[in-house]
Amino acid sequence: MRGVVGMGYHLRNGPHGYGLVTKALHWLVFAAIVVQFAVGYLLDVDDGGRGRGRGRGRGEGSGHGRGRGRGGEDGYDPFGDDALLTVHVVLGATVLLLAAARLVWRLATPLPPWAPTLTARERRLAHGTETTLYAATFVVPVTGLVLLLSGDDDVLGVHVAAQIVLYAALAVHVGLVLKHQLINRDRLLGRML
């Protein structure tokens, strides 16, 4: 361990910047969300855009999701034919677990000092997007699991709205980093690499 710290790598956050654990959790959550988005998109595309049993349409069973609410016989089976939905569920649970680990680590490890090149307005923006991203990484998978287990689309609107909020906050977060990377050229991105 002494060699790792001696090389400038620290497990915890500190005056030096973000620690290895924070960086690893940050990028693992990001990667899981990107893959989850792609899988979720494929779920909608796979049946011609009708939503794969998400309550869209006017046919029999309309208004019910993938869970037990459709009568049990064709409800979600984690070991059934719908491998893509199973991947989506497993990724959702993974995002939830990573978000919990990240929040626990965030509460146990203080953040490093602000990058000196961030203005007061950018600091407020960064804090707001961080809070929003943390909340959304819990709300999206929890509402997805509720949607799946209940079989009823009552939470579908919340699930979709939380996804929109997540992607909007992510866009603001990435935009702020890109501004500093490409315009200010202050290597803000390097703090999380």
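In this predicted model, Trp27, Phe30, Val34 and Leu193 together make a nonpolar patch of about 370 Å² on the surface. One of these residues, Phe30, has its place in helix α2, which spans residues 20-45. The relative accessible area of Phe30 is 34%, and Phe30 is therefore classed as partly exposed, a value that also lies on the admitted side of the cut-off for patch membership, since patches are made of residues with over 30% relative accessible area and no salt bridge.

Helix α2 also contributes to the interior of the model. The largest nonpolar core consists of ten residues, namely Leu25, Val29, Ala32, Ile33, Val95, Leu98, Leu133, Ala136, Leu166 and Ala169. At least two residues of this core are supplied by each of α2, α3, α4 (120-150) and α5 (156-184), and the largest share, four residues, comes from α2. Among the core residues, Ala169 touches Thr129, Thr132 and Leu133 when residues up to four places away in sequence are not counted.

A charged residue is found in contact with members of this core. Arg102, which lies in helix α3 (residues 83-108), is in contact with Leu25, His26, Val29 and Tyr134, its neighbours within four places in sequence being left aside; of these partners, Leu25 and Val29 belong to the largest nonpolar core. Arg102 is buried and yet has no salt bridge, the nearest side chain of opposite charge being that of Glu130, at 5.8 Å. Because a salt bridge requires a side-chain nitrogen of Lys or Arg within 4 Å of a carboxyl oxygen of Asp or Glu, the separation of 5.8 Å between Arg102 and Glu130 does not qualify as one.

How values were computed
Residues numbered from 1 in each chain as written. Predicted model: local features only at pLDDT ≥ 70, side-chain atom pairs only at ≥ 80, totals over all residues. Heavy atoms only, no water. Patch = residues over 30% accessible without salt bridge, like charges linked within 9 Å, V, L, I, M, F, W, Y side chains within 5 Å. Areas by Shrake-Rupley, 256 points an atom, 1.4 Å probe, with all protein chains shown as cover. Buried < 20%, exposed > 50% of the residue type's maximum accessible area, 1.4 Å probe, protein only. Lys, Arg positive; Asp, Glu negative; His and termini not counted. Contact = heavy atoms within 4.5 Å. Core = buried A, V, L, I, M, F, W, Y, C linked by side-chain atoms within 4.5 Å.
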